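Here's a quick briefing on how this chain packs, pairs its charges and leaves a bit of open space. Have a look at the model first, then we'll go through it topic by topic.

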Amino acid sequence: MADKSEVERRLHSLAQLDADAVGAYDVAIARIGPALVRERLNSFRADHLRHVQDLNALIQHFGGEPVTLRPDLKGSAMKGLTAMTGLMGTEATLWAMLGNEELFDRAYELALQFEWSPEVKALIRQHREDERRHGTWIRDAVRTRPWADSRLPFMDTAEMGA
């Protein structure tokens with residue numbers, strides 16, 4: 001396994017990515033009209049918060065400073081893109097979040113290639129599975145548009161063409 005500072009740096013990078021995800025979800029949730037989509041995105045946001053907490057506990061164990069929920073440059077760009085696409089309605093917001101989730105999934109997949117203790121590797125694998133579940137749901141939602149049947153009560157101005 002890599003030395004403590006390298007392990008801490010890698011964990012910090014993952015935790016920052018999850019902190020950035022929380023910010024992107026905040027923006028997406030604010031832009032989403034349909035309650036069923038907002039509720040699911042809220043549960044995904046909660047997963048990312050848990051990831052930050054889990055990773056911060058490990059970071060502190062290795063002597064590092066925990067990550068705050070402030071976005072870095074990458075996170076600010078992610079929030080901005082999500083906000084801009086959110087002006088185009090629910091489907092566009094979900095496409096932006098799908099791109100974000102694919103990034104998170106790839107980051108966790110890459111992290112699994114490093115040498116970790118069995119406990120850390122199990123946690124990273126669990127987080128990657130969360131990312132895959134998020135991406136699968138969003139991909140399916142974009143394909144099936146579950147909000148379309150009851151669309152009128154949930155339409156926002158962007159979706160009405162205003």
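The largest nonpolar core here has 20 residues, and the ones with the most contacts inside it are Y25, V37, L41, L94, W137 and I138. Bear in mind that this is a predicted model. Besides the packing, there are 15 salt bridges across the whole structure, plus a largest pocket with about 170 Å³ of space.

**Nonpolar cores**

- Four elements, α1, α2, α4 and α5, each give two or more residues to the largest core.
- Of these, α1 gives the most, with 6 residues.
- L41 is a handy place to start looking: leaving aside residues up to four places away in sequence, L41 touches Y25, A28, I29, I32 and L94.
- There's another core apart from this one, made of 18 residues, and A19, V67, L112 and L123 are among them.

**The R133–D47 salt bridge and its network**

- R133 pairs up with D47 in a salt bridge, and their closest N and O atoms are 2.8 Å apart.
- That pair links distant parts of the chain, with R133 in helix α5 (residues 118–144), D47 in helix α2 (residues 35–61), and the two positions 86 residues apart.
- Is each partner buried or exposed? R133 counts as partly exposed because its relative accessibility is 39%, while D47 counts as buried because its value is 11%, and the cut-off for buried is under 20%.
- The pair isn't on its own, either: a network of salt bridges links D47, R50, D54, D130 and R133.

**E109 and its two arginines**

- E109 forms a salt bridge with R128, where the closest N and O atoms are 2.9 Å apart.
- This one also links distant parts of the chain, as E109 sits in helix α4 and R128 in helix α5, 19 residues apart.
- The side chain of E109 meets that of R132 in a salt bridge too, at 2.9 Å from N to O.
- Because E109 lies in helix α4 and R132 in helix α5, that pair ties together parts that are 23 residues apart in sequence.
- On accessibility, E109 is partly exposed, with a relative accessible area of 27%.
- R132 is also partly exposed, at 34%, whereas R128 counts as buried at 10% relative accessibility.

**The largest pocket**

- Which residues line the largest pocket? The lining is made up of R9, R10, S13, L14, L17, K74, A107, L110, A111 and F114.
- The elements giving two or more residues to that lining are α1 (4–31) and α4 (90–111).
- The largest share of the lining, 5 residues, comes from α1.
- By class, the pocket lining has 6 nonpolar, 1 polar and 3 charged residues.

**Putting the helices together**

- Helix α1 is worth a second look, since α1 gives the most residues to the largest core and also the largest share of the pocket lining.
- Helix α5 carries R133, which pairs with D47 of helix α2, and R128, which pairs with E109 of helix α4.

Technical notes
Residues are numbered from 1 along each chain as its sequence is written. This is a predicted model: local features need pLDDT of at least 70, side-chain atom pairs count only at pLDDT 80 or more; totals for chains, interfaces and linings use all residues. Side-chain values use heavy atoms; hydrogens and water are left out. On a 1 Å grid over the protein atoms alone, a cavity is a set of points where a 1.4 Å probe fits but cannot get out, and a pocket is an open set with protein on both sides within 12 Å along at least five of seven lines; lining residues have an atom within 4 Å of a point. Grid points are joined across faces, edges and corners, and a volume is the space filled by probe spheres set on the points. Ala, Val, Leu, Ile, Met, Phe, Trp, Tyr, Cys and Pro count as nonpolar, Asp, Glu, Lys and Arg as charged, and the others, Gly among them, as polar. A salt bridge is a side-chain nitrogen of Lys or Arg within 4 Å of a carboxyl oxygen of Asp or Glu. Buried means under 20% relative accessible area, exposed over 50%, partly exposed in between (1.4 Å probe, protein chains only). A nonpolar core is a set of buried Ala, Val, Leu, Ile, Met, Phe, Trp, Tyr and Cys residues joined through side-chain atoms within 4.5 Å. Contact means heavy atoms within 4.5 Å.
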